[in-house]
Each structure stands twice: as structure tokens, then as C-alpha cells.
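Visitor: Please show me the model and walk me through its core, two of its helices, a few loop residues and its pocket.

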Amino acid sequence: MPTPSVQLYSVRDAVAEDLDGAVARLARIGLRRVEPYAFHERTAEYGRALAATGLTAPSGHAPVLTSDTPEAIFDAAAELGMTTVIDPFLPAELWQTADQVARLAERVNGLAGLASDRGLELGYHNHAWELSTRLDGRHALEVFVGHLAPEVVLEVDTYWAAVGGADTPALLRELGDRVRLIHVKDGTLDGDVDRQEPAGSGDVDVPAILAAAPAATRVIEFDAYAGDVFDGIARSLAWLTEHDR
């Protein structure tokens, strides 16, 4: 099993209150990797928390595609020892036509060179609308990928892909090695984030998803969780440890 990580957005309330304590608690659960968000805004704090726990952050989320200073984001990522920077969000209204999608890919391709200059890969993370929007019979995400430079990578959010109507295992097989990371989460397929569950507990076909992307880093995430989210993360990690082989 690739060493799992966790998206720190899952514990955003704890991070806002005590970043060091939140990261230390994840280390006690047994995680060795984390995926920070908005790390360019708290670079020194993230660096301190990682150094104190021995955790690493090989990937992180930041709004590179809409930033006026993407170089600063890439510099922060390099300072934290990352290898991959993921833009986590572009709104649904930007994915409605083939021309829009082509322009988005052009923007990504242009920024990938800036990332490469710092030894980084640049990637994109989907929500549901990149899959639910169809362009000439294809998912908008597939059209997007068709325009991407070879060095641009993907982090497929497997929950949102399923909510968007994709056959997620088939999508992952189609995208192949471009998928460096996957967000692993479970729940109902109606997109109700308040009903998300630990991996293996909901309606998402997590075993088939893992089998379709054997080399991708597994990043545990919850958009919301009804209980103690640290417990939910621990349960997801335990499930992955037992079933992801």
C-alpha cells in the first residue's frame, strides 16, 4: 500500500485553533504524511509542526490558478519539501464549454513550467461538476486532460467523481499514471457531505477504486463528519491498512 496521507482541510477547525496540536494528533493516530491547504499563508507554522512530529507533506493544496503570485506559492511548497502542488478548486461555471476547458488547461500548462523550475509538479483536484458536465459526450475532466501537457498531474477526488456520475474505477484506469494522488472518502452518492463516512462504510466502491489506481498516494479526506473527525480519520486509516493490498 502506498503510504497514506490526510488532507488537513478535514481537521480545519483544529488547525485554525492549534495547528501544531492538530498535526501532532494525526501523528499519534499513525499517519506519517499530511496534505496541507493554503500552506503559503502559514508556511513557517507548517514547517515547525512537521519538524516537531517528523511528518512530511509531499503534496499540498493552494489556489495557484487564480493567484497573482503563483511563484510565492511554489516557493513555499519547495520550502516545505513538497513535490506536488495541487490546485483544489475552479468553480463550475468555468467548465461549461469546450473553449473554457481548453483555456483552463492552457493556464495550467503555463504554470507547470514555473513549478518545474522549483522541482515541483503541478496538478488539479476535481469536484463533482468536472464529471457531471458533459462536452460532446465526455466528462469535462476528460476534455481537460486531453489538453494538458504531459508533466501536469491529477489528484482525483474519488468521492466527488462518483457523485458526479463517473464510473470512477474506469476513469482512473483511463487516466493512468497521470493520477499521482487520490482522495479517499466514502458516504452517500447524493453529495450530502454531512453523511460522509470512514472508508469502506458508505456507498462508494472504494475497493474497486484502490485497485484501479494501485500506485496513487491515498489521501484520506472528510468534507464534513458527524462525529469526531480524528476518529473518522483513524477508522479510514485502519480500513486502508487492512484492505489496501
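Visitor: Which residues touch the most other members of the largest nonpolar core?

Guide: This is a predicted model. Its largest nonpolar core holds 79 residues. Helix H5, residues 98-117, gives the most to this core, with seven residues. The residues that touch the most other members are Leu 8, Leu 26, Phe 39, Phe 144, Ile 182 and Ile 233.

Visitor: Take Leu 8. Which residues does Leu 8 touch, not counting residues up to four places away in sequence?

Guide: Leu 26, itself among the core residues that touch the most other members, is one of the residues touched by Leu 8. The full set is Val 15, Val 23, Leu 26, Val 34, Glu 35, Pro 36, Tyr 37 and Tyr 46.

Visitor: Which residues of H5 are buried?

Guide: H5 has 20 residues and reaches 30 Å from its first C-alpha to its last, close to the 28 Å expected. In an α-helix, residues three or four places apart point the same way. The buried residues of H5 are Gln 100, Val 101, Leu 104, Ala 105, Val 108, Leu 111, Ala 112 and Ala 115.

Visitor: What covers the buried residues of H5?

Guide: Both helices and strands take part. The cover includes helix H4 (70-79), strand E4 (121-125), strand E5 (134-135) and helix H7 (140-147).

Visitor: Is Ala 38 buried or exposed?

Guide: Ala 38 has a positive phi, near 45 degrees, in a residue other than glycine. Ala 38 lies in the loop between helix H2 (19-29) and helix H3 (43-53). The cut-off for buried is under 20% relative accessible area. At 19%, Ala 38 is therefore buried.

Visitor: And is Asp 136 buried or exposed?

Guide: Asp 136 also is not a glycine, and has a positive phi of about 55 degrees. Asp 136 sits in the loop between E5 and strand E6 (138-139). Exposed means over 50%. Relative accessibility is 78%, so Asp 136 counts as exposed.

Visitor: Where is Phe 222, and is Phe 222 buried or exposed?

Guide: Phe 222 is in the loop between strand E9 (217-220) and helix H11 (229-243). Its relative accessibility is 1%. The cut-off is under 20%, so Phe 222 counts as buried.

Visitor: Which residues is Phe 222 in contact with, leaving aside its neighbours within four places in sequence?

Guide: Four of the contacts are in H11 and buried there: Val 229, Gly 232, Ile 233 and Ser 236. The others are Tyr 9, Ser 10, Arg 12, Gln 196, Glu 197 and Pro 198.

Visitor: What covers the buried residues of H11?

Guide: H11 has 15 residues and reaches 21 Å, close to the 21 Å expected. Its buried residues are Val 229, Phe 230, Gly 232, Ile 233, Ser 236, Leu 237, Trp 239 and Leu 240. The cover includes strand E1 (5-6), helix H1 (12-17), H2, E8, helix H10 (206-212) and E9.

Visitor: Which helix and which strand each supply at least two residues of the lining of the largest pocket?

Guide: The largest pocket has a volume of about 160 Å³. Its lining has seven nonpolar, one polar and three charged residues. Among them are Leu 172, Arg 173, Val 179 and Arg 180. The elements asked for are helix H9 (168-175) and strand E8 (179-184).

Conventions:
Residues numbered from 1 in each chain as written. Predicted model: local features only at pLDDT ≥ 70, side-chain atom pairs only at ≥ 80, totals over all residues. Heavy atoms only, no water. 1 Å grid on protein atoms, 1.4 Å probe; cavity = no way out; pocket = protein on both sides within 12 Å on 5 of 7 lines; lining within 4 Å. Points joined across faces, edges and corners; volume = space filled by probe spheres on them. Nonpolar A, V, L, I, M, F, W, Y, C, P; charged D, E, K, R; others polar. Core = buried A, V, L, I, M, F, W, Y, C linked by side-chain atoms within 4.5 Å. Buried < 20%, exposed > 50% of the residue type's maximum accessible area, 1.4 Å probe, protein only. Contact = heavy atoms within 4.5 Å. Expected span 1.5 Å × (residues − 1).
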